[in-house]
Amino acid sequence: MSRVAASDASPWALVIEWLIAKPSALSETGTHKQTDRKGALMANTEPSMDQWLKEAKQSENADQCGMFLVHNGVVRVTPKKEVREGVQGIGDVSQIEFSYDAAGVDAAVEEALTWPGVYYVRVWLNEGVLSVGESIMYVMIGADIRPNCIDALQKLVGHIKNELVVEKEQYA
């Protein structure tokens, strides 16, 4: 039994999105689509979390989910080394160059669907040169109970950020 439901793609679904039960969920909507250098679908338009939640609640296993959580990672002005290591004097971030391992993210999503209580996973990743305030990623997890949902979101976002993306900060 699949732990993620297939859903019909909305016109905003021009971005990378892993819906394991129906990989073809990115339907032709008549909206211009473009691909990144790896051939994955992408766009500048961010997904609607209202739409994502609506679709998640209509998914095949929605009745198993007692909670949905969303992570929205954005480009911040404070350098990563300053936040994580306390390094001072680097300067403000003006933008980042962002890329990712699409096959690795796909595998991570499939793995997340095997974790305790996880029934729904959806991921959107941006790519290219992103300015401060722009979204880097969205991750949605649907799980049976709060601890499983929180743990899965933390684990999946951590894996994506630490192993599957490249962020090169550019300073003002």
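Reader: What makes strand 3 stand out in the lining of the largest pocket?

Author: Its share: strand 3 gives 3 residues, the largest contribution to that lining. Keep in mind that this is a predicted model. Strand 3 (67-74), helix 2 (80-85), strand 7 (135-143) and strand 8 (165-171) each supply at least two residues of the lining.

Reader: How do you know that Val74 and Lys161 belong to the lining of the largest pocket?

Author: A lining residue needs an atom within 4 Å of a pocket point. The largest pocket has 13 such residues, and Val74, Arg76, Ile136, Lys161 and Glu167 lie nearest its centre. The space inside comes to about 240 Å³.

Reader: Which classes make up that lining?

Author: There are 6 charged, 5 nonpolar and 2 polar residues. Lys161 counts as charged because Lys is on the charged list, along with Asp, Glu and Arg.

Reader: Why is the set with Val121 and Ile160 called a nonpolar core?

Author: Because a core is made of buried nonpolar residues, under 20% relative accessible area, joined through side-chain atoms within 4.5 Å. The largest one has 30 residues, and Val121, Val123, Val139, Ile141, Leu156 and Ile160 have the most contacts inside it. Strand 4 (93-100), helix 3 (102-112), strand 5 (118-125), strand 7 and helix 4 (146-164) each supply at least two of its residues. Helix 4 gives the most, with 7.

Reader: What does Ile160 touch, leaving out residues up to four places away in sequence?

Author: Val123, Leu125, Met137, Val139 and Val165. Apart from this core lies another, of 8 residues, including Trp52, Trp124, Tyr138 and Met140.

Notes
Residues numbered from 1 in each chain as written. Predicted model: local features only at pLDDT ≥ 70, side-chain atom pairs only at ≥ 80, totals over all residues. Heavy atoms only, no water. 1 Å grid on protein atoms, 1.4 Å probe; cavity = no way out; pocket = protein on both sides within 12 Å on 5 of 7 lines; lining within 4 Å. Points joined across faces, edges and corners; volume = space filled by probe spheres on them. Helix = DSSP H or I, 4+ residues; strand = E, 2+ residues; numbered from the N terminus. Buried < 20%, exposed > 50% of the residue type's maximum accessible area, 1.4 Å probe, protein only. Contact = heavy atoms within 4.5 Å.
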